[in-house]
Amino acid sequence: MNAFVVTPTKVTTEMIRQMKGREKIAALTAYDFPMARLLDNCGVPLILVGDSLGMVVLGYPDTTHVTMDEMLHHTRAVARAKPNALLVADLPFRSYETPAQAVANAMRFVEAGAEAVKAEGGRAILESVRAIIAAGIPFLGHLGMLPQQVLEEGGYHIKGKIEAEHAGLLADAAALCDAGAFAIVLELVTPPVARELTQRVPVPTIGIGSGPDCDGQILVTTDLFGTSPGRIPKHVKPATLGDAMRAAVTTWKAAL
Ligand code: KIV
């Protein structure tokens, strides 16, 4: 069996949309050229330059420290791999507070090689989302636990446990769909609520720590590899590449 199923054609947002109900969407993050090449060689249809970059590559305690310049630098590196995968970039904290700012920053990502952008929130950021889509830039939603709100919320909390959150998620998802989002990431949403959202919305849901019933799954790639510098979330079954890397260095050093 060939382990590398290379996506033969360029993936578009419409192709991602059409995967709903037909084929599970595998999405992963990449922050540099070799990682993007590797994921693309494996046929991953959606690559996200996530602002998780801040925690797993740049050494920040959370994603609120990530700047536009840092995101653009890494988006350009990923884009140089010319992936067949759809290339999405994360708008960092406070980069989409007004519609004008959101469009200007989304345009900078397109110039850097991204084909779509993602931002965190639903009704609270709807004017910015509408402006991005009106400017012709495809938009990926992100609901549930919003890492850019970690300081405000005092941690990373599962969403959907109480009725107000359940109702809020349904309203946010409907608003993003009406605005024209091509898919929605659901992060740390309780599995029953993620399942209900997946059944109700016309676009694919891409889950992370939200149970098995979303239309696709996304992970921070260094969590999947087991090479993230911090704690690896419970929803990931990490490979042991970190151990293999440490063994390689130790073996090399001992043989000097
Ligand atoms: O920043 C990121 O990597 C993300 C995903 C994991 C959804 O937003």
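**Exercise 1. How far does a polar side-chain atom of Lys118 lie from an oxygen atom of the ligand?**

Keep in mind that you're working with a predicted model.

- Step 1: Pick the polar side-chain atom of Lys118 and go to the ligand oxygen; the distance is 2.8 Å.
- Step 2: Check that against the cut-off for a polar contact, a pair of N or O atoms within 3.5 Å.
- Step 3: Now try Ser52, where a polar side-chain atom sits 2.5 Å from a ligand oxygen.
- Step 4: Do it once more for Asp90, and you get 3.1 Å to an oxygen atom of the ligand.
- Step 5: Look at the ligand's cover: taken on its own it has 260 Å² of accessible area, and the protein covers 96% of that.

**Exercise 2. Sort the shell around the ligand by residue class.**

- Step 1: List the residues around the ligand; among them are Thr29, Leu48, Asp51, His142 and Ile218.
- Step 2: Put each one into its class, and you end up with 5 nonpolar, 4 polar and 3 charged residues.
- Step 3: Place the ligand in the protein: the space it takes up is the largest pocket.

**Exercise 3. How many disulfides does the structure hold?**

- Step 1: Count them, and the answer is 0.
- Step 2: Start with Cys177, which is in no disulfide; its nearest cysteine sulfur belongs to Cys214, 13 Å away.
- Step 3: Recall that a disulfide needs two cysteine sulfur atoms within 2.5 Å.
- Step 4: Go to Cys214, whose sulfur can't bond because the closest cysteine sulfur, in Cys177, is too far off at 13 Å.
- Step 5: Finish with burial: Cys177 counts as buried because its relative accessibility is 16%, and Cys214 counts as buried at 1%.

Conventions:
Residues numbered from 1 in each chain as written. Predicted model: local features only at pLDDT ≥ 70, side-chain atom pairs only at ≥ 80, totals over all residues. Heavy atoms only, no water. Near = heavy atom within 4 Å. Polar contact = N/O pair within 3.5 Å; in protein donor to acceptor, adjacent residues only side chain to side chain. Areas by Shrake-Rupley, 256 points an atom, 1.4 Å probe, with all protein chains shown as cover. 1 Å grid on protein atoms, 1.4 Å probe; cavity = no way out; pocket = protein on both sides within 12 Å on 5 of 7 lines; lining within 4 Å. Sits in = over half its atoms within 2 Å of the grid points. Nonpolar A, V, L, I, M, F, W, Y, C, P; charged D, E, K, R; others polar. Buried < 20%, exposed > 50% of the residue type's maximum accessible area, 1.4 Å probe, protein only.
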